Amino acid sequence: MPLRPFRDALIRVHADRCPRCQARLLDRDEARRLLVGPDQIGDAAGLWRRISAQAAAAAAVPASRPRGGRIAWRWAASFSTAAVVALAGFWLLRETSRPGFEAAFAPPAGRFQIDYVNVGGEPAQTFVYQPQGSDTVFVWASRTP
C-alpha cells in the first residue's frame with residue numbers, strides 16, 4: 001500500500017484481530033522488563049567509554065563492498081534499459097523513413113478551407129494538419145518572413 005497511514009491502520013487492525021499475531025506480541029509487563037530505566041544505566045562515564053570503544057572498533061572495519069550479485073543485477077538492468085531505448089529509437093527511425101509518413105502524403109481535408117489569415121495585421125503563412133480518420137484540424141499560423 002503506498003499510503004503509509006492507511007497501511008499502518010491495516011497492520012494495526014490485523015494485529016489486533018489475528019490470534020496468531022496476538023500470540024507473538026508481548027504484553028506490557030514483558031515489554032517493560034526489556035526496557036532500561038535511568039537507574040539501571042550505572043556510571044555514565046563508563047557507558048560513554050564503552051560506546052566510544054565500540055564506535056572506534058566499528059570505524060576501523062573497512063566498509064564492505066556490495067556483493068557481486070547486486071552489481072550484476074545493476075549492470076543487467078542498465079544494459080536492458082539501454083537496449084530498449086536503442087531498439088525503440090531504431091524502430092521510430094524506420095517508421096519515419098517509410099513512405100506515407102510525410103505531410104505531403106496526407107489527403108487534403110474535404111470540408112475545411114482557409115481563405116485568409118492575418119498575424120499582427122500582416123498576411124501569415126499557415127500550416128494545416130488533420131490526423132487520418134479524425135475530424136480534428138490543427139492550424140498553425142506564423143508571420144511571413
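Visitor: Which residue in β3 stands opposite Q125?

Guide: Opposite Q125 stands S142 in β3. The model is a predicted one, in which local features need a pLDDT of at least 70 and side-chain atom pairs count only at pLDDT 80 or more, whereas totals for chains, interfaces and linings use all residues. Residues are numbered from 1 along each chain as its sequence is written, and side-chain values use heavy atoms, with hydrogens and water left out.

Visitor: How do you know that β2 and β3 pair?

Guide: Two strands count as paired if DSSP finds at least two bridges between them, and β2 and β3 are joined in the antiparallel sense over six bridges, so the criterion is satisfied. Strand β2 (residues 122-129) also runs antiparallel to β1, with two bridges between them, and here V119 stands opposite E122 in β2.

Visitor: What makes β1 and β3 the edges of the sheet?

Guide: The open sheet has three strands in the order β1-β2-β3, with antiparallel pairing. Because β1 (118-119) and β3 (138-143) each have a single partner strand, one side of each is left without a neighbour in the sheet. β1 and β2 form a hairpin with two residues between them, and G120 in the turn has a positive phi of about 65°.

Visitor: How many helices and strands does the protein have, and what pattern do they follow?

Guide: There are five helices and three strands, and along the sequence they read α-α-α-α-α-β-β-β. The elements are DSSP runs numbered from the N terminus, with helices being H or I over at least four residues and strands E over at least two.

Visitor: Which elements have the lowest and the highest mean pLDDT?

Guide: On pLDDT, the predictor's confidence in each residue from 0 to 100, helix α4 (residues 44-60) has the lowest mean of the elements, 80, and helix α5 (residues 68-96) the highest, 88. The protein as a whole averages 80, and 83% of the residues score at least 70.

Visitor: Why is C21 not counted as bonded to C18?

Guide: A disulfide is a pair of cysteine sulfur atoms within 2.5 Å. The sulfur of C21 is 3.7 Å from that of C18, its closest cysteine sulfur, and therefore too far for a bond. The structure accordingly holds zero disulfides.

Visitor: Why is C18 called buried, and C21 partly exposed?

Guide: Buried means under 20% relative accessible area, exposed over 50%, and partly exposed in between (1.4 Å probe, protein chains only). C18 is at 17%, and therefore counts as buried, whereas C21, at 24%, counts as partly exposed. Buried residues make up 3% of the 145 residues in the protein.

Visitor: What makes W140 exposed?

Guide: W140, found in strand β3, has a relative accessible area of 58% and so is classed as exposed. The C-alpha atoms of W140 and V128, twelve residues apart along the chain, are separated by 6.4 Å.

Visitor: How do you know that E95 and R94 meet in a salt bridge?

Guide: A salt bridge requires a side-chain nitrogen of Lys or Arg within 4 Å of a carboxyl oxygen of Asp or Glu, and the E95 and R94 side chains come to 3.3 Å, N to O, and therefore qualify. A search of the whole structure finds one salt bridge. E95 is partly exposed at 22%, and R94 is partly exposed at 42%.

Visitor: Which residues make the nonpolar surface patch?

Guide: L3, F6 and L10 make a nonpolar patch of about 300 Å². L3 lies in the segment before α1 (4-17) and is exposed, with a relative accessible area of 58%. Patches take residues with over 30% relative accessible area and no salt bridge, joining like charges within 9 Å and nonpolar side chains (Val, Leu, Ile, Met, Phe, Trp, Tyr) within 5 Å; the areas come from the Shrake-Rupley method with a 1.4 Å probe, and for residues only the protein chains shown count as cover.
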